[in-house]
Each structure stands twice: as structure tokens, then as C-alpha cells.
Amino acid sequence: MRVRQEVVRIPILPFGLVNAHLVLGTDGAILVDAGLPDTQDVVEQALRARNLAWSDVKLIVVTHAHIDHAGNAGRIRALTGAPVCAHQGDLDHYRQHKRMTFCATGAFGRLFYRTGLIQRAYEPFEPDILLSGNQTLDLRPYGVAGTVVSTPGHTCGSLSVALDDGQALVGDLISSGILLGGIALTGRAKRPPFEDDPSRVADALDRLTAEGSLHFFMGHGGPLPASEVRRHANRLRQGSGKRSAGTSS
Ligand SMILES: [Zn+2]
Ligand SMILES: [Zn+2]
């Protein structure tokens, strides 16, 4: 029987608005996403609540280069001493060499873009483990039964963590709730405020469910069961998630 590993939600912002996650394996913990700049105290609280220290974090997986996921990666790496795993598709953004593209998925995305918060610069960093193409990373050396997989679509370098027990941590491949996510209606999937390529998102979500992911944790809102994830992927494919242009930078 596969042992279910504990996934701990770290509230980078309250109400599920912005989440990072800790996966507690049999022999170590990994952090999935590093959160907004200067939010290390929230991460430390989550570790302390489980009698863990910074040094118990064996790996930091950054799902993509948006500031709410990657903005504190340099700082958390310094605190933990753990390597950072990320995908080459977003490397220019981790290095802060290139501005990101923000394709708004609706009115909230357009409004949010205008606040300027999402495109703020953050401390650049160089990933220690850089995946490219469909390359994967086995998490067993870090004490966790699972794999880091490439799931492009939200951004071209988006990564997800698929655990052997059927839990998956997918960053912003899918969201739930209202506004940025969280708050209310968290059982209903929706597109995040920005999404580069909805058809690639649908492909990535379908691949994860086909390969056995049952329970999805995400950066905004969640968690969601595979049935809702499949429904969302179908909606994206049918074009009901219409793209709104106009906020590319
Ligand atoms: Zn994002
Ligand atoms: Zn996000």
C-alpha cells in the first residue's frame, strides 16, 4: 500500500489567496514554491508547527517565475541551504533578464495587472537544478516519494510535483475561488488571473490525471479533486476559457 504523505498548506497570504506547500516525506521535507518576497516568517511558522527547522527542508521546487511563487526563492535557499529546482523555460525571468508576459484571463487579471504588483522585480537567483524540455526529477533522494514534472502552459517553464500517493502540487496550472483565488467557491476550478497558453494547460492537466494524480493543491485556492480538474481541462479545450488580450508587456 502506498503511504500518503502529508501536504501542508503554507498561507503566504490568508484565505488561500496565495499558498506555498510543504511536503513531508518519510525522510525529509520539500518546499513547493517560495512565496512573495519577505514572507519567510510564514514559512518558518509552518516548519516550527511541525517541529521542523530550516535545515529539514531538503529541496525547494519553484513552480514558475511569477513573484508570488519565486519572489523569495533566493532568501529561502540561504535560510535552508537546500537546492532550488526550476525549469529552463522561465530561466530568463529567474535571472530577471527579461520581463514576463501576462495574458489576462478576465477582468480581475486586467485590473490586477494595472496595480503593478505582479510585475514587480525580485531578487534574481540561479536555480541549482535546472530541468529542460520534459526532463523530470525523482524526489526520493530528498525523502519524498514523487517526481517533479514539466507542465507548461501557465508559463512556458511551469513545473508540478506529482506524488506517488496521488497528490499533486501544480502551482498556477489551475486555481479555484474568487478574485486571485481562495476566499469562496474554492471547490470550483477556474483559470488563474494570467495564463500564457490554455490549450497547453489542458494537456498538462490531462496528463497529470491520466498518470494517476487524484488530489490537486494549487497556488491560489484549492484543493481540488481530479474530476473537477478534468472538467476544467475540457472547458479550456472547448474554448470556453476565452483569452483576453491586451496585458502583454
Ligand atoms: Zn502564476
Ligand atoms: Zn500565482
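In this report a donor is an N, O or S atom within 2.8 Å of the metal (3.2 Å for Na, K and Ca), and since water is not among the atoms, sites may look incomplete. With that in hand, welcome to the structure. It is a predicted model, in which local features need pLDDT of at least 70 and side-chain atom pairs count only at pLDDT 80 or more, while totals for chains, interfaces and linings use all residues. Residues are numbered from 1 along each chain as its sequence is written, chains are lettered from A and ligands numbered from 1 in the order in which they are written, and side-chain values use heavy atoms, with hydrogens and water left out.

## Two zinc sites

Let us start with the metals. The table sets out both sites.

| Metal | Donors | Distances | Angles among the four donor atoms |
|---|---|---|---|
| Zinc ion (ligand 1) | His 64 (NE2), His 66 (ND1), His 154 (NE2), Asp 172 (OD) | 2.1 to 2.2 Å | 94 to 162 degrees |
| Zinc ion (ligand 2) | Asp 68 (OD), His 69 (NE2), Asp 172 (OD), His 220 (NE2) | 2.0 to 2.2 Å | 88 to 164 degrees |

What links the zinc ion (ligand 1) and the zinc ion (ligand 2)? Asp 172 bridges them, and the ions lie 3.5 Å apart.

How are the sites classed? Four donors count as tetrahedral if all angles lie between 85 and 135 degrees; four count as square planar and six as octahedral if opposite donors are over 155 degrees apart and all others between 65 and 115; anything else is irregular. The angles around the zinc ion (ligand 1) make its arrangement irregular, and the site of the zinc ion (ligand 2) is irregular too.

Along the chain, the donors of the zinc ion (ligand 1) follow the spacing H-x1-H-x87-H-x17-D. His 64 sits in the loop between strand S4 (57-61) and H2, and His 154 in the loop between strand S8 (146-150) and strand S9 (159-163), so this pair ties together parts that are 90 residues apart in sequence. Here helices (H or I, at least four residues) and strands (E, at least two) are DSSP runs, numbered from the N terminus. Both His 64 and His 154 are buried; buried means under 20% relative accessible area, exposed over 50%, and partly exposed in between (1.4 Å probe, protein chains only).

For the zinc ion (ligand 2), the donor spacing is D-H-x102-D-x47-H. Asp 68 belongs to helix H2 (residues 67-70), whereas His 220 is in the loop between strand S13 (215-217) and strand S14 (224-225), so the two tie together parts that are 152 residues apart in sequence. Asp 68 is buried at 7% relative accessible area, and His 220 is buried at 1%.

## Strands and sheet

Strand S4 is largely enclosed by the rest of the structure, because four of its five residues are buried. Strand S3 (residues 28-32) pairs with S4 in the parallel sense over four bridges, and Ala 29 has Val 57 as its bridge partner in S4. Two strands pair if DSSP finds at least two bridges between them.

Six strands form an open sheet of mixed pairing, in the order S7-S8-S9-S10-S13-S14. Its edge strands, S7 (137-138) and S14, each pair on one side only. Within this sheet, S10 (residues 167-169) and S13 are parallel partners over three bridges, with Ala 168 facing Phe 216 as its bridge partner in S13.

## Loops and cysteines

The loop between S13 and S14 also holds Pro 223, and the peptide bond from Gly 222 to Pro 223 is cis, with omega near -5 degrees. Two residues other than glycine have a positive phi: Asp 38, near 65 degrees, and Asn 51, near 55 degrees. Asp 38 is found in the loop between S3 and helix H1 (40-49) and is exposed at 54% relative accessibility. Asn 51, in the loop between H1 and S4, is exposed at 74%.

How many disulfides, meaning pairs of cysteine sulfur atoms within 2.5 Å, does the structure hold? It holds zero. For Cys 85, the nearest cysteine sulfur is that of Cys 156, 15 Å away. The sulfur of Cys 103 is 11 Å from its closest cysteine sulfur, also in Cys 156, which is too far for a bond. Cys 85 is buried at 0% relative accessibility, and Cys 103 is buried at 14%.

Terms used:
A disulfide is a pair of cysteine sulfur atoms within 2.5 Å.
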